[in-house]
Amino acid sequence: MIRRAQRHLGFFAALGHRLSGLFLALFLPAHFLVLGLALEGDAALEGAIRWSDQPLVKMAEWGLVVLLTLHLSFGLRVLVLEFMPWRDSRKAMIGLGAAASLVVGLLFLFNLG
């Protein structure tokens, strides 16, 4: 049974912030692995870079950029709610954060950034 509070747009923004943070944390070991390959030499890093040219990896990079932007914008929303005196534009902040994530994702997808 879904409670009334769970149908609020703020609930979905908080859920998006937490889930994007979780997925970003799951990405970190792979990121550190590639950074570690750079220390092993040029051949190991070149192999990792060549592997990252696959279409599925490129799609995952796009998802990572969108998740990062979503996490940033919804995190800023939380900071504004905590430290700013105004509270009337919560839905506008959620929409702005989601739109910013979409715009940055599209810029990344079309290599315009």
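In this report, Ala, Val, Leu, Ile, Met, Phe, Trp, Tyr, Cys and Pro count as nonpolar, Asp, Glu, Lys and Arg as charged, and the others, Gly among them, as polar. Keep that in mind as we look around this predicted model.

Let's start with the largest pocket, which holds about 530 Å³ of space. It is lined by 19 residues, and those closest to its centre are Phe 27, Ala 30, Val 34, Val 57 and Glu 61. Helices α1 (9-40), α2 (42-51) and α3 are the elements that each give two or more residues to this lining. The biggest share comes from α1, with nine residues.

Now turn to a pair of helices. The axes of α3 (residues 55-83) and α4 (residues 90-109) come within 9 Å and cross at roughly 155°. Angles over 145 degrees count as roughly antiparallel, so α3 is roughly antiparallel to α4. The crossing of α3 past α4 is right-handed.

Which residues of α3 and α4 meet? On the α3 side they include Trp 62, Val 65, Leu 70 and Phe 74, while the α4 side includes Met 93, Ile 94, Val 104 and Phe 108. Charged residues take part as well, among them Glu 61 and Arg 77 in α3 and Arg 90 in α4.

Here are the residue classes in the two places we visited:

| Place | Nonpolar | Polar | Charged |
|---|---|---|---|
| Lining of the largest pocket | 15 nonpolar residues | three polar residues | one charged residue |
| Contact of α3 with α4 | 15 nonpolar residues | five polar residues | three charged residues |

Glu 61 links both parts of the tour: this residue is among the closest to the pocket centre, and it also belongs to the α3 side of the contact with α4.

Methods
Residues numbered from 1 in each chain as written. Predicted model: local features only at pLDDT ≥ 70, side-chain atom pairs only at ≥ 80, totals over all residues. Heavy atoms only, no water. Axes fitted to C-alpha atoms, helices over the stretch in contact; angles between N-to-C directions. Helix = DSSP H or I, 4+ residues; strand = E, 2+ residues; numbered from the N terminus. Parallel < 35°, antiparallel > 145°, perpendicular 65-115°, else oblique. Left-handed = near helix turned anticlockwise from the far one by under 90°. Contact = heavy atoms within 4.5 Å. 1 Å grid on protein atoms, 1.4 Å probe; cavity = no way out; pocket = protein on both sides within 12 Å on 5 of 7 lines; lining within 4 Å. Points joined across faces, edges and corners; volume = space filled by probe spheres on them.
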